[in-house]
Amino acid sequence: MNTVHPPSASGQLPPDLDPRRLPAHVAVIMDGNGRWAEERGWPRFLGHRQGVEALNDIVRCCKDWGVAALTVYAFSTENWGRPVQEVNFLMTLFHEVLERELRNLVAEGVQLRFMGDLAPLPKTLRHFMEEAMSATAHNQAVHFNVAMNYGGRQEILHAVQAVAHRVEQGELKAAAITEQDLTEHLYTHPTPDPDLLIRSSGELRLSNFLLWQLAYTELYVADVFWPDFDRACFHKALLHYQTRKRRFGRLDLPT
Ligand code: IPE
Ligand code: IPE
Ligand code: MG
């Protein structure tokens, strides 16, 4: 096991991380908000509130440490199946946080992109999300993708329908469809596939996240609930990542 040194307070990359071997794209399944609150005898919504604070810090951490892209799972296509009060709370929270943070994100050079089927979201939230995307579209410090009403199967289906439409129009022959044709219609396009996937709260499953894009991603599961996932936890995940040998089905690549 690696010894984890406390991250530097200055926001600099911790000295035991190799800047040349950082993941360019980190994906995160932010899980465990509800259990974090329940463990304290509190209502689940307090866990969601605290989870937002953890996320805020991880976005800044990516910027400070030089991780170019961060994609987080905020609300899945299956999360509509939760009690209506929790769903409504989450929608209100997303709006509140966006309103509070947008100015900072713009100033800090964060490019914000929402990915998923945004049509079923409340109209006012959707409009605000669209505004936030255009306000940050030219920012380059870090690409921050938020998966909202996102499902990996739904995303693939959506891409297949778009490609099938091109076939119907006679633009493309079915037998000539390439992986590239399909990936161009994924919500993550043109961000390259994640190098590292982090899931908090110890669960060993993908829960319908980035099913296509995770084909060769390194997986890391943290044992803490998402609201407790701080820079030290992120540091530990990156240290683990830097010990991995990525082979992509081949033999060891020269480092
Ligand atoms: C993740 O935390 C946040 C969302 C799914 C919106 P959970 O709400 O899934 O928390 P647990 O897993 O029930 O503890
Ligand atoms: C995945 O967490 C979705 C998000 C983090 C938004 P869930 O809590 O919904 O996943 P399951 O139900 O444990 O698989
Ligand atoms: Mg959960």
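The following conversation concerns two ligands, a pocket and two backbone features in a predicted model.

Colleague: Before we begin, what should I know about the numbering and the cut-offs?
Modeller: Residues are numbered from 1 along each chain as its sequence is written, chains are lettered from A and ligands numbered from 1 in the order in which they are written. The model is predicted, with local features needing pLDDT of at least 70 and side-chain atom pairs pLDDT 80 or more, while totals for chains, interfaces and linings use all residues; side-chain values use heavy atoms, and hydrogens and water are left out.

Colleague: Which residues surround ligand 2?
Modeller: Ligand 2 is surrounded by Ile29, Met30, Asp31, Tyr73, Ala74, Phe75, Asn79, Arg82, Arg199, Arg205 and Ser207. A residue counts as near if one of its heavy atoms lies within 4 Å of the molecule.

Colleague: Which element gives the largest share of that shell around ligand 2?
Modeller: Strand β2 (residues 69-76) does, with three residues. Helices (H or I, at least four residues) and strands (E, at least two) are DSSP runs, numbered from the N terminus.

Colleague: And how does the shell around ligand 2 divide by class?
Modeller: The shell has five nonpolar, two polar and four charged residues. Here Ala, Val, Leu, Ile, Met, Phe, Trp, Tyr, Cys and Pro count as nonpolar, Asp, Glu, Lys and Arg as charged, and the others, Gly among them, as polar.

Colleague: How far is ligand 2 from the side chains of Ser207 and Asn79?
Modeller: An oxygen atom of ligand 2 is 2.6 Å from an N or O atom in the side chain of Ser207, and for the side chain of Asn79 the distance is 3.0 Å. Arg199 has a polar side-chain atom 3.5 Å from an oxygen atom of ligand 2. Such a polar contact is a pair of N or O atoms within 3.5 Å.

Colleague: How much of ligand 2 does the protein bury?
Modeller: Taken alone, ligand 2 exposes 390 Å², and the protein buries 78% of that. The accessible areas come from the Shrake-Rupley method with a 1.4 Å probe.

Colleague: Turning to ligand 1, which residues are closest?
Modeller: Of the 13 residues that surround ligand 1, the closest are Met30, Asp31, Gly34, Arg35 and Arg82. The largest share of this shell, three residues, comes from α1.

Colleague: What polar partners does an oxygen atom of ligand 1 have?
Modeller: A polar side-chain atom of Arg44 lies 2.9 Å from an oxygen atom of ligand 1. For polar backbone atoms, the distance is 3.1 Å at Asn33 and 3.3 Å at Gly32. Ligand 1 exposes 380 Å² when taken alone, and the protein buries 87% of that.

Colleague: Where does each ligand sit?
Modeller: Ligand 1 sits in the largest pocket, and ligand 2 sits in the largest pocket as well. A molecule sits in a pocket if more than half of its atoms lie within 2 Å of its grid points. On a 1 Å grid over the protein atoms alone, a pocket is an open set of points where a 1.4 Å probe fits, with protein on both sides within 12 Å along at least five of seven lines; lining residues have an atom within 4 Å of a point.

Colleague: How much space lies in the largest pocket?
Modeller: About 830 Å³, taken as the space filled by probe spheres set on the points, which are joined across faces, edges and corners. Of its 42 lining residues, the closest to its centre are Met30, Tyr73, Ala74, Phe75 and Phe94. Helix α2 gives the largest share of the lining, eight residues.

Colleague: On another topic, which residues does a cis peptide bond join?
Modeller: His189 and Pro190, with omega about 5°. Pro190 lies in the loop between α6 (179-183) and β5 (196-199).

Colleague: What is phi of Leu210?
Modeller: Phi of Leu210 is near 45°, a positive value in a residue other than glycine. Most residues other than glycine have a negative phi, and most peptide bonds are trans.

How values were computed: A polar contact is a pair of N or O atoms within 3.5 Å; within protein, one must be able to donate a hydrogen and the other to accept it, and residues adjacent in sequence count only if both atoms are side-chain atoms.
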